[in-house]
Amino acid sequence: MLLHILRHAEAEALSPSGLDADRGLTEAGTKRMKAVARAIARMEPKLDAILVSPLLRARQTAEPVAAACRFKGELQVTESLLPGSDPLTLLEELEATRWESVLVVGHEPNLGRLFGRLVSGRSDVEVPMKKASFAVFEIDPHLGPDRAELKSYLPPRLLERL
């Protein structure tokens with residue numbers, strides 16, 4: 001399975017409702033995501049699914065990528081991408097599917113712990129991801145669900161230049 005990981009773009013510090021879950025992308029975050037989405041689409045990922053955290057900023061980050069990649073499915077919300085979730089929960093959720101290529105959009109520190117687990121196989125390693133950064137891992141079922149080969153890591157400034 002190819003696992004594409006995308007951290008949400010810059011979000012507002014406070015939502016109008018005052019709830020963290022309602023924090024949307026800033027104008028700069030929205031602009032950056034349009035450029036990042038175009039770069040991701042140029043890589044021509046053949047996505048079987050796009051999973052997002054229940055928080056607004058994750059959906060707003062995923063939507064331009066789905067549009068740019070001409071993804072025909074629905075965004076699937078999963079609590080396994082919430083900031084405090086255990087990355088193993090997401091990996092187990094993915095292992096139960098037959099997807100060959102999936103994009104997950106979420107938050108720190110969850111994505112940093114996922115990244116760390118995939119490169120090391122350990123739960124105590126964290127590799128923080130910058131906002132709007134993108135990583136691709138190839139999960140080999142022979143290595144187990146929590147080990148993978150890092151194919152690429154692209155920070156947003158590089159993506160914007162592609």
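Two strands are said to pair if DSSP finds at least two bridges between them, and strands (E, at least two residues) and helices (H or I, at least four) are DSSP runs numbered from the N terminus. The model is predicted, and local features need pLDDT of at least 70, side-chain atom pairs count only at pLDDT 80 or more, and totals for chains, interfaces and linings use all residues. Residues are numbered from 1 along each chain as its sequence is written, while side-chain values use heavy atoms, with hydrogens and water left out.

The strands form an open sheet of six, in the order 3-2-4-1-5-6, with mixed pairing. Its edge strands, each pairing on one side only, are strand 3 (76–77) and strand 6 (148–154). Strand 5 (residues 134–139) runs antiparallel to strand 6 and is joined to it by six bridges, and Phe134 has Leu154 in strand 6 as its bridge partner.

Two residues that are not glycines have a positive phi, and both lie in loops, as the table shows.

| Residue | Phi | Loop |
|---|---|---|
| Glu44 | about 55° | between helix 1 and strand 2 |
| Ala132 | about 65° | between helix 4 and strand 5 |

Is each of these residues buried (under 20% relative accessible area), exposed (over 50%) or partly exposed (in between; 1.4 Å probe, protein chains only)? Glu44 is exposed because its relative accessible area is 56%, whereas Ala132 counts as buried because its relative accessibility is 1%.

In the loop between strand 4 and helix 4 lies Pro109, which a cis peptide bond with omega of about 5° joins to Glu108.
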